[in-house]
Amino acid sequence: MKKILPEKTLVLIKPDAIKKSLSGQIISRLESVGLKIIAIKMLWADENLASQHYYLDEEWAKSVYEKTLASYKKEGREMKFKDHKSMGKHIQSGLINFLKEAPVIAIVLEGTHAVEIVRKIIGSTEPRSSTPGTIRSDFASIESYPKADLENRAVRNLIHASDSVENAKREISLWFSPNEIHSYKNIHDFSEQHLE
């Protein structure tokens, strides 16, 4: 049987979670499923780091624009953006400002299927759409896209998690130097030996 290799993923506990003193509960949920913390630190993101983290990607901007347009049509709302580029710049600006509001806790987690598992645990980007039991539903369910739009700000959704193994590599390299990432065995590593 083919061995399943562990993945690394980046998690950011965002300023709203820091301000609500939710860091410990969030970290506990991530660790309790068997994910291993291999790097962790608290820091203030400056303009450069925040803009590199939330870089404006053409494909991402198009995807977000189409999803938002469909959502607005469904709710009978008129969208103020006429194209994906203007909307992408607006969203990027809001995310950068949000990330700089207070310190963040950056974490690198490692484990089998780490990217997928973390994304399931945290829930949908919009907290009100998240499944009960997820971090975003349990701790921020009153937050929504319409509320954020009304207040002209980014959605406050407590936590960021890499959405792919490729993006995790890029994001981890932004937030951590190689000597800040540690390697060690935990109980879950030993059970993986049986998968060879």
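Two strands pair if DSSP finds at least two bridges between them. Helices (H or I, at least four residues) and strands (E, at least two) are themselves DSSP runs, numbered from the N terminus. The model here is a predicted one: local features need pLDDT of at least 70, side-chain atom pairs count only at pLDDT 80 or more, and totals for chains, interfaces and linings use all residues. Residues are numbered from 1 along each chain as its sequence is written, and side-chain values use heavy atoms, with hydrogens and water left out.

**Exercise 1. Work out how the strands of the sheet are arranged.**

Step 1: Begin with β1 and β3, which pair in the antiparallel sense over 7 bridges. Within this pairing, Leu12 stands opposite Ala106 in β3.

Step 2: Now go to β2, which is joined to β3 by 7 bridges and runs antiparallel to it. Here Leu43 stands opposite Val104 in β3.

Step 3: Add β4, joined to strand β1 (residues 7-13) by 3 bridges, again antiparallel. Ile13 has Ile159 in β4 as its bridge partner.

Step 4: Put the pieces together, and you get an open sheet of 4 strands in the order β2-β3-β1-β4, with antiparallel pairing. The edge strands, β2 (36-43) and β4 (159-161), each pair on one side only. On average, neighbouring strands of this sheet are turned by 15° against each other, direction ignored; axes are lines fitted to C-alpha atoms, for helices over the stretch in contact, and angles run from 0 to 180 degrees between N-to-C directions.

**Exercise 2. Find out how β3 is covered and which strands α6 touches.**

Step 1: Count the buried residues (under 20% relative accessible area; exposed is over 50%, partly exposed in between, with a 1.4 Å probe and protein chains only). In β3, 8 of its 8 residues are buried.

Step 2: Look at each face in turn. Val104, Ala106, Val108 and Glu110 are buried on one side, and Ile105, Ile107, Leu109 and Gly111 on the other.

Step 3: Look for contacts (heavy atoms within 4.5 Å). Helix α6 packs on the sheet and touches β1, β3 (104-111) and β4, its direction making about 30° with that of β1.

**Exercise 3. Describe the surroundings of His160.**

Step 1: Locate His160, which lies in strand β4. Is His160 buried or exposed? At 12% relative accessibility, His160 counts as buried.

Step 2: Search for polar contacts (a pair of N or O atoms within 3.5 Å; within protein, one must be able to donate a hydrogen and the other to accept it, and residues adjacent in sequence count only if both atoms are side-chain atoms). The side chain of His160 makes one with the side chain of His53, at 3.5 Å. Another, of 3.0 Å, joins the side chains of His160 and Glu171.

Step 3: Leave aside neighbours within four places in sequence, and the contacts of His160 include Leu10, Val11, Leu12 and Arg136.

**Exercise 4. Place Thr134 in the structure.**

Step 1: Thr134 is found in the loop between α6 (114-122) and α7 (135-140). Its relative accessible area is 8%, so Thr134 is buried.

Step 2: Not counting residues up to four places away in sequence, Thr134 touches Arg29, Lys120, Ile121, Ile122 and Gly123.

Step 3: A polar atom of the Thr134 side chain lies 2.7 Å from the backbone oxygen of Thr131.

Step 4: Finally, compare sequence with space: Thr134 and Ala106 are 28 residues apart in sequence and 19 Å apart in space, C-alpha to C-alpha.
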